[in-house]
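Q: Could we go through a buried acidic residue and a short helix in this model?

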Amino acid sequence: MIPDKLDFKLPDFNRISWVSEELRSKWESTIETLPKVIDSVFLHREITDAVPIQIKSVSANDIFDYKKKIYSIGLFAEQLTELPKSILFYFGLKEKEVGYYYIIIGLRSHVLSFMRGIKDSNLELIADYLHHETFKYWRDYAAHQLLDSTWSFFTEIDMKEGKLIAQDNTLLNPCWRNCGISSVPYNPALLDCGYGLQVASAIQSVAKKNLQELHNTWYELLSWPVEWSALHGIAEVKTPIFKMAYNTDTTAGKYTLQLQSATYPENGLRGLLFPYKKPTKLYYTESKHAAAGVQHLEDTL
């Protein structure tokens, strides 16, 4: 799928570099706490009816408390140590990390049936609890043996030309997933996926009723312009408030995806290149130097 894919692989890493201390103090705690709030919305009964199976990666130390929380809201949870690659892509999960387990969440009958499908490699049974077209897409995608699902936005023609892909941003913005922030509890294959947008809209309605202020923050983040690029196994995600780097599939050339939007945060970084908003052009008469000159002239008169 990637014509210049290289054989070596970098170790796992995920780093964030804030553009200023001011923005860090304003947004860091929100970005750290928001994923837990989002998970609580995803597990709302209105949403689990539409998305009958959800899967989370949970550390061994937290499994007991996490399952207790799931049981308290009337759902069932059971853990697995391994999952097929297609399921990992579907739910935007990484391959097994040391000390972590995959927690299958849903109604008891759904979870047990889904787990039986996993055990027996029964694709039809598994697909009964997932969106069929999206699951088929990730099954085909898994055959390419890639690490990162973001490559799904590049067509074969794009790959051959090394083309920059620019699309309008949507609710299904995938670039915040490494921060645990997304609009749906699975991984849509397309930014304009009709089913994904329908689920995202239903979730947004639930969030608006239950979260109020955090609802605005959640969807504000997803609406900003963002750029994803990859070169030599390092993916870089540029947002108006920070840059994030993580390991991805290794390539000889650079690939870039831009999600465009007119929405921009107050005090977000200004710059000449995407995704940054260009600084307002000041006339000389509006500059500090002109003001200082006028003041000096007045003082001498």
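The exchange below takes up the acidic residue and then the helix.

A: A word on the basis beforehand: this is a predicted model, in which local features need pLDDT of at least 70, side-chain atom pairs count only at pLDDT 80 or more, and totals for chains, interfaces and linings use all residues. Residues are numbered from 1 along each chain as its sequence is written, and side-chain values use heavy atoms, with hydrogens and water left out.

Q: Where is Asp148 found?
A: Asp148 lies in the loop between helix H7 (132-142) and helix H8 (156-161). Helices here are DSSP runs of H or I with at least four residues, strands are E runs of at least two, and both are numbered from the N terminus.

Q: Which side chain of opposite charge is nearest to Asp148?
A: That is Arg177, 9.4 Å away; Asp148 is buried yet has no salt bridge. Buried means under 20% relative accessible area and exposed over 50%, with partly exposed in between (1.4 Å probe, protein chains only). A salt bridge is a side-chain nitrogen of Lys or Arg within 4 Å of a carboxyl oxygen of Asp or Glu.

Q: Which residues does Asp148 touch, not counting those up to four places away in sequence?
A: Asp148 touches Phe89, Tyr141, Trp228, Tyr246, Thr248 and Asp249, where contact means heavy atoms within 4.5 Å.

Q: Turning to H3, which residues are buried?
A: In helix H3 (residues 63-72), the buried residues include Ile63, Tyr66, Lys67 and Ile70. Seen down the axis of H3, the buried residues fall within an arc of 95°, so they line one face of the helix. The arc is that of the directions from the helix axis to the C-beta atoms.

Q: And what is on the other side of H3?
A: Phe64, Asp65, Lys68 and Ser72 are exposed there.

Q: What covers the buried residues of H3?
A: The cover includes strand S2 (54-59), strand S3 (76-80) and strand S4 (100-106).

Methods
Lys, Arg positive; Asp, Glu negative; His and termini not counted.
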